[in-house]
Amino acid sequence: MVAPGCSVPGLWVRGFGQCLGSLFTLFSKPLCSAAAAASQPLDAQRLAERLRAQKQQQKTKEPAPTNPVQRRVRELVRFTEQLQRVHPNVLAKALSRGIVHQDKELVVINKPYGLPVHGGPGVKLCISDVLPVLAKILHGPKAKPLHLCHRLDKETTGVMVLAWEKEVAHQVQELFRTRQVTKKYWAITVRVPVPEAGVVDIPIVEKEAQGQQHHHKMTLSPSYRMDDGKMVRVRSSRNAQLAVTQYRVLSSSLSAALLELQPITGIKHQLRVHMSFGLDCPILGDHKYSDWNRLAPQLSAGILKKLGLQQSKARHLPLHLHACQLTLPALQPQKEELTLLCRPPRYFVNSLRRLGLKMPSRDHSADEEAARPGAQ
């Protein structure tokens, strides 16, 4: 798995910059001088190059943050930007280093933060694009592309299952569809849910956000509401989907908690909606669902202070939602079920420590592994 501090994308960018510098040194003397530049008209290409140089110069003038957390935030932002610029071969190589399980049927990777699974508007590079390259890295130049078995949101990290054969991928997809796959997530939440363990069983529907034309969010569609102190059943929306989430608090402080979440259903953004609108405990870094009426950076003065972040940098706070465990039923009669575990990214572990939250004792090894240099 690639880490925000991982050197692979960084080396590629630095190497590319050095090549450009060498080329500029080689050709600048014979081709340009102050008089020649003044006499030539400024065409579109030269103007674009000048603007890019000015923009790059402005970036280099920005003072480097002295706070270690702010430095980490900047690294994470640059890392996610680099993921969209690197060559597919570089990304595939980095993903191959994050493999947590591999056999004749499946390949399981630890998906990094900020990497989309599928293409779409504004997406230059995604996991599905590099599956042919990843397959060749693992099985040689004649290997057929790997197949996606499910998906995770761009901002979610953790267990991601791929299959060598299309038939196996369809089999695993059917297991997900029929809710035979046990999924467990870790999430850091703003505030502590009451009670500390329970089930959120509230349907979810997609609606246009108030005051935000053409911007839709998932939201709750409860079957009951309070009317003058009485519980009144309401007509459910035709588009509402059944959504059930089991949760329990693993560790808590005055202002935050580490939760284990087990989605029984698989509705879009289910965990984020149930935590924020169902329990009033939005997931840390969830800028979309922290407030229904606006789309803005998650601002929690107490949390940001503990994390050492300025409010002006709150928009860079990553989503703290990690797919930590996935249990697949046996794909063949003679085989046993497969339990897959994934260590959390380094920024997740660092946030736990700063917020005074503890990792469960049975996962101390994952905590130590994630804290090593080079981990995400």
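I'll start with the core. In this predicted model, the largest nonpolar core has 37 residues, and the members that touch the most others are Ile127, Leu146, Leu162, Leu261 and Leu321. By element, helix H6 contributes the most to this core, with five residues.

Take leucine 261 as an example. Setting aside neighbours within four places in sequence, its contacts are Lys183, Lys184, Tyr185, Ala187, Gln246, Tyr247, Leu271, Met275 and Leu321. Leu321 is itself on the list of core members that touch the most others.

There is another core, apart from the largest one, with 21 residues. Trp186, Leu258, Tyr347 and Met359 are among them. As general background, nonpolar side chains in soluble globular proteins tend to be buried together.

Next, the aromatic pairs. The structure has two. One joins tyrosine 113 and tyrosine 347, edge-to-face, at 5.7 Å centre to centre with 70° between the planes. Tyrosine 113 sits in the loop between strand S2 and helix H6, and tyrosine 347 sits in helix H10, so this pair ties together parts 234 residues apart in sequence. Both tyrosines, 113 and 347, are buried.

The other pair is phenylalanine 277 with tyrosine 289, also edge-to-face, at 6.1 Å centre to centre and 75° between the planes. Here phenylalanine 277 is in helix H8 and tyrosine 289 is in the loop between H8 and helix H9, so the parts tied together are 12 residues apart in sequence.

Which residue of this second pair is buried, and which is partly exposed? Phenylalanine 277 is partly exposed, at 24% relative accessible area. Tyrosine 289 is buried, at 0% relative accessibility.

Note on methods
Residues are numbered from 1 along each chain as its sequence is written. This is a predicted model: local features need pLDDT of at least 70, side-chain atom pairs count only at pLDDT 80 or more; totals for chains, interfaces and linings use all residues. Side-chain values use heavy atoms; hydrogens and water are left out. Rings of Phe, Tyr and Trp (its six-membered ring) pair if their centres lie within 6.5 Å; planes under 30 degrees apart count as stacked, over 60 as edge-to-face and the rest as tilted. Helices (H or I, at least four residues) and strands (E, at least two) are DSSP runs, numbered from the N terminus. Buried means under 20% relative accessible area, exposed over 50%, partly exposed in between (1.4 Å probe, protein chains only). A nonpolar core is a set of buried Ala, Val, Leu, Ile, Met, Phe, Trp, Tyr and Cys residues joined through side-chain atoms within 4.5 Å. Contact means heavy atoms within 4.5 Å.
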